[in-house]
Every structure is written in structure tokens, then in C-alpha cells.
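This briefing is meant for a reader meeting the structure for the first time. It begins with one pair of residues and then widens to the sheet, the helix and the chain as a whole.

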Amino acid sequence: MKLKFEYCETQEEVRKHIKECEGKHIQQVVYSTFHDALTQICFGCKKVRTNMSNIVEVDLKGGKF
Ligand SMILES: [Zn+2]
């Protein structure tokens, strides 16, 4: 499955998307304390939403961000 990357400016924005997908889509939410960034992986939207600015590639297999 190919996931599209979507950059959100704030964590609040990411949270808004999480709320919208809740109960409708299968999603995974990752919080990185190191980057102070919130990342939502939504398999319903086929999108990765994050406020992490320096993300270049999402490696789902390795689970690394
Ligand atoms: Zn969704």
C-alpha cells in the first residue's frame, strides 16, 4: 500500500485529523518525544500526517520515523 505524505504545521492539526478518522479508519498514531512531533498513519485515507518537518521518508516496515 502506498501512503501519501502530508505535512501539518502543528500537532493540533494532526490531532484534528486523528479525531476525524477515529472510528472510521484504521490508524496508527506515533508520538516522538525526540522530535516533539505527532504522526498519524491512516490506512483509510492512505495518508501519513505529521508535523515533523524533517521527515523525508517513511519506512513502515522498519517502523522508524
Ligand atoms: Zn483517515
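**A pair of facing residues**

In this predicted model, Gln40 stands opposite Arg49, a residue of strand S4. The wider setting of this pair is the antiparallel arrangement of strand S3, covering residues 37–42, and strand S4, covering residues 47–50, which are joined by four bridges.

**The sheet**

- Four strands make up an open sheet, in which the order is S1-S4-S3-S2 and the pairing is mixed.
- The edges of this sheet are formed by strand S1 (4–7) and strand S2 (27–32), each of which pairs on one side only.
- On average, and with direction ignored, neighbouring strands of the sheet are turned by 15 degrees against each other.
- As general background, the strands of a sheet pair through backbone hydrogen bonds, and they do so in either a parallel or an antiparallel manner.

**The helix**

- Helix H1, which spans residues 11–21, lies across S2, S3 and S4, and its direction is at about 25 degrees to S3.

**The chain as a whole**

- The protein contains one helix and four strands, and when it is read along the sequence these elements follow the pattern β-α-β-β-β.
- The protein has 65 residues, of which 15% count as buried.
- Among the contacts in the protein with a separation of 6 or more, 45% are accounted for by residues that are 24 or more positions apart.

Definitions and conventions: Residues numbered from 1 in each chain as written. Predicted model: local features only at pLDDT ≥ 70, side-chain atom pairs only at ≥ 80, totals over all residues. Pairing = 2+ DSSP bridges. Helix = DSSP H or I, 4+ residues; strand = E, 2+ residues; numbered from the N terminus. Axes fitted to C-alpha atoms, helices over the stretch in contact; angles between N-to-C directions. Contact = placed C-beta atoms within 7 Å. Buried ≥ 20, exposed ≤ 12 C-beta atoms within 10 Å, placed from the backbone.
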